[in-house]
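Hi everyone, thanks for making room for me today. Could you bring the sequence and the structure up on your screens, so that we can walk through them together?

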Amino acid sequence: RDFLAVMPFRFTEFNFYRAAQKGLDANIVWTDLKKHQAIEMPIMEVLHAMLPVAKRGLEQIGIAESEIRYYLQIVEQRLERKMTGARWQKQMLKHYEQKSNRVEACQLMLQHYIQQQMTNMPVSEWETGR
C-alpha cells in the first residue's frame with residue numbers, strides 16, 4: 001500500500017515505455033519508501049534491489065528453494081553481464097553486418113539465435129561473436 005501511494009499509474013506507464021526503449025540502460029521513476037517520494041534512478045539499481053523482494057515473494061507462495069536459487073541466479077547473471085535477448089540480437093547483428101549485408105546479417109543472426117535457444121542455456125551465457 002505504501003508503494004502504491006507514491007507510485008501513480010502515470011509513473012508506471014512512463015517506466016514501461018522507458019524500459020522498452022532503453023532496456024537495462026533506462027532510468028525509471030521509482031519510490032524511496034523511507035522518504036515516501038518517487039525519484040528517477042537507473043533500472044539496474046531497482047532490479048538489484050528487487051531481487052531479495054522477489055526471493056521472499058517466491059518463498060511465500062511455496063516455490064522450492066532450489067527453483068528460486070536457480071532462476072534468480074539466471075536473473076542476477078543477466079544483470080551482471082547486462083545481457084538481454086534484445087541486446088544479444090543487436091550485438092550479433094552488428095557482428096554479422098561487418099561480414100555481410102543487412103539482409104544476410106539478419107538471417108545469420110536469426111539462425112544463430114535459434115541454435116543458441118536450442119541449447120537451453122540462459123541468454124547471458126550465449127556466444128556473442130565479440
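Let's start with Gln-116: buried or exposed? With a relative accessible area of 9%, Gln-116 counts as buried, because the cut-off for that is under 20%. Please keep in mind that this is a predicted model. Gln-116 sits in helix α6. And what does Gln-116 touch, once we leave aside its neighbours within four places in sequence? Its contacts are then Trp-88, Trp-126 and Glu-127.

Two of those names bring us to the aromatic residues. Searching the whole structure turns up five aromatic pairs. Take Trp-88 and Tyr-113: their ring centres are 5.8 Å apart and their planes stand at 55 degrees, so this pair is tilted. Trp-88 belongs to helix α5, residues 85-97, and Tyr-113 to helix α6, residues 102-118, so the pair ties together parts that are 25 residues apart in sequence. How exposed are the two partners? Trp-88 is buried, at a relative accessible area of 0%, while Tyr-113 is partly exposed, at 27%.

Trp-88 has another aromatic partner, Trp-126. Here the geometry is edge-to-face, with 5.1 Å from centre to centre and 85 degrees between the planes. Trp-126 lies in the segment after α6 and Trp-88 in helix α5, so this pair ties together parts that are 38 residues apart in sequence. Trp-126 is buried too, and its relative accessible area is 10%. Put the three rings together, and Trp-88, Tyr-113 and Trp-126 make one aromatic cluster.

While we are on rings, have a look at Phe-11 as well. Arg-10 lies over the face of Phe-11, at 4.7 Å from the ring centre.

Now back to α5, this time as a whole helix. Here is a little sanity check you may enjoy. Taking 1.5 Å a residue, the 13 residues of α5 should span 18 Å, and the C-alpha atoms at its ends are 18 Å apart, which agrees. Which residues of α5 are buried? They are Trp-88, Met-92, Leu-93, His-95 and Tyr-96. If you look down the axis of α5, these buried residues fall within an arc of 160 degrees, so they line one face of the helix. The general background is that an α-helix has 3.6 residues a turn, so residues three or four places apart point the same way. On the other side of α5, Lys-90 and Lys-94 are exposed. And what covers the buried residues of α5? The cover includes α6, the helix that holds Gln-116.

Let me finish with the charged side chains. As a reminder, side chains of opposite charge can pair when their charged atoms come close. How many salt bridges are there? The count comes to seven.

One of them joins Glu-40 and Arg-18, where the closest N and O atoms are 3.2 Å apart. This one links distant parts of the chain, since Glu-40 is in strand β2, residues 37-42, and Arg-18 is in helix α2, residues 9-22, with their positions 22 residues apart. Glu-40 is partly exposed at 47% relative accessibility, and Arg-18 is partly exposed at 22%.

Next, please find Lys-55. Its side chain meets that of Glu-59 in a salt bridge, at 2.5 Å from N to O. Both are in helix α3, residues 43-60, and because they are four residues apart, about one helical turn separates them. Glu-59 is partly exposed, with 35% relative accessibility, and Lys-55 is partly exposed as well, with 31%.

Lys-55 also forms a salt bridge with Glu-65, this time at 3.7 Å from N to O. Glu-65 lies in helix α4, residues 65-81, and Lys-55 in helix α3, so this pair ties together parts that are 10 residues apart in sequence. Glu-65 is partly exposed, at 35% relative accessibility. Through salt bridges that share partners, Lys-55, Glu-59, Glu-65 and Arg-69 are joined into one network.

To close, two things to look at again on your screens: the aromatic cluster of Trp-88, Tyr-113 and Trp-126, and the network of Lys-55, Glu-59, Glu-65 and Arg-69. Thanks for listening, and I'm happy to take questions.

Conventions. Residues are numbered from 1 along each chain as its sequence is written. This is a predicted model: local features need pLDDT of at least 70, side-chain atom pairs count only at pLDDT 80 or more; totals for chains, interfaces and linings use all residues. Side-chain values use heavy atoms; hydrogens and water are left out. Rings of Phe, Tyr and Trp (its six-membered ring) pair if their centres lie within 6.5 Å; planes under 30 degrees apart count as stacked, over 60 as edge-to-face and the rest as tilted. Helices (H or I, at least four residues) and strands (E, at least two) are DSSP runs, numbered from the N terminus. Buried means under 20% relative accessible area, exposed over 50%, partly exposed in between (1.4 Å probe, protein chains only). A charge sits over a ring if NZ of Lys or CZ of Arg is within 6 Å of the ring centre and within 35 degrees of the ring normal. The expected span of a helix is 1.5 Å times one less than its number of residues. The arc is that of the directions from the helix axis to the C-beta atoms. Contact means heavy atoms within 4.5 Å. A salt bridge is a side-chain nitrogen of Lys or Arg within 4 Å of a carboxyl oxygen of Asp or Glu.
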